[in-house]
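The following note is offered to a colleague who is meeting this structure for the first time. Its points are numbered so that each may be checked against the model in turn.

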Amino acid sequence: MQTEALVGALFLLFMIQVIGTHLQVKEYKRAVRELHKRGNVGIGSRRRKLGPSNIVVIACNSDGEILEGRMMQGMTILSRFRPIEGIAGRTIYELRDEYTALPEKRRVHYKGHIQALDALITRLGDKQSL
């Protein structure tokens, strides 16, 4: 009887995890689609073994001016994308320089931001060479 209850509980937890993963992927796709409508999109992430991880999505125009940024941060399936305050209107180049100038201990917190900015810089560099 206890074995059946344990298997049932594990199955229930597994199903909750599957549903939660599906909802997060749906939220991720929606955020990327919305930002892609605004301009070029760069995506980065900061993964941690313990503690909250994050996913960063930044949109910019062809001049490198940031139009909008969103970040999903947390440890649970309830996490949602939230706007990143204070980056709209700045350029991807100046923001990346600002983040890389931070001390190593603080820069680690912006790893996802830096990855997204690097992706945008690479994408714009490729467009400029065409």
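**Notes on the structure**

1. Salt bridges link E27, R30, E34, R38, E68 and R70 into a network. The model in which this network appears is a predicted one. The structure holds nine salt bridges, and the points below take up three of these pairs, beginning with two that share E34.

2. Within the network, E34 meets R30 through their side chains, with 2.8 Å from N to O. Both residues belong to helix 1, where four residues, about one turn of the helix, separate them. E34 is partly exposed at 29% relative accessibility, and R30 is likewise partly exposed at 34%.

3. E34 also forms a salt bridge with R70, whose closest N and O atoms are 2.6 Å apart. Because E34 lies in helix 1 and R70 in strand 3 (residues 66-74), this pair ties together parts that are 36 residues apart in sequence. R70 counts as buried, its relative accessibility being 15%, under the 20% limit for that class.

4. A further salt bridge joins E94 and R90, with 3.2 Å between the closest N and O atoms. Here E94 is partly exposed at 39% relative accessibility. R90 is also partly exposed, at 22%.

5. The overall layout should be read next. The chain has four helices and four strands, and from the N terminus these elements follow the order α-β-β-β-β-α-α-α. The radius of gyration is 18 Å, well over the 14 Å that the globule rule gives for 130 residues, so the chain is more spread out than a compact globule. Along the principal axes, the C-alpha trace spans about 65 × 35 × 25 Å.

6. Of the 130 residues, 31% count as buried. The chain exposes about 8,800 Å², of which carbon and sulfur atoms supply 59%. Among contacts with a separation of 6 or more, 50% are made by residues 24 or more positions apart.

7. How many aromatic pairs does the structure contain? The count comes to two. One of them, Y28 with F81, is tilted, with 6.5 Å centre to centre and 40 degrees between the planes. Since Y28 lies in helix 1 and F81 in strand 4 (residues 81-83), the pair ties together parts 53 residues apart in sequence. Y28 is partly exposed, with a relative accessible area of 30%, whereas F81 is buried at 10%.

8. Y99 and Y110 form an aromatic pair that is stacked, at 4.5 Å centre to centre and 15 degrees between the planes. Y99 lies in helix 2 (residues 92-100) and Y110 in the loop between helix 3 (104-107) and helix 4 (111-128), so this pair ties together parts that are eleven residues apart in sequence. At 5% relative accessibility Y99 counts as buried, while Y110, at 24%, is partly exposed.

9. Attention is finally drawn to the surface of the model. L6, L10, L12, L13 and I16 make a nonpolar patch of about 510 Å². Is L13, one of these residues, buried or exposed? L13 is exposed, because its relative accessible area is 55% and the exposed class begins over 50%. L13 is found in helix 1, which covers residues 2-38.

Key:
Residues numbered from 1 in each chain as written. Predicted model: local features only at pLDDT ≥ 70, side-chain atom pairs only at ≥ 80, totals over all residues. Heavy atoms only, no water. Patch = residues over 30% accessible without salt bridge, like charges linked within 9 Å, V, L, I, M, F, W, Y side chains within 5 Å. Areas by Shrake-Rupley, 256 points an atom, 1.4 Å probe, with all protein chains shown as cover. Salt bridge = Lys/Arg side-chain N within 4 Å of Asp/Glu carboxyl O. Helix = DSSP H or I, 4+ residues; strand = E, 2+ residues; numbered from the N terminus. Buried < 20%, exposed > 50% of the residue type's maximum accessible area, 1.4 Å probe, protein only. Rg over C-alpha atoms; globule rule 2.2 N^0.38 Å. Contact = heavy atoms within 4.5 Å. Phe/Tyr/Trp six-rings, centres within 6.5 Å; stacked < 30°, edge-to-face > 60°.
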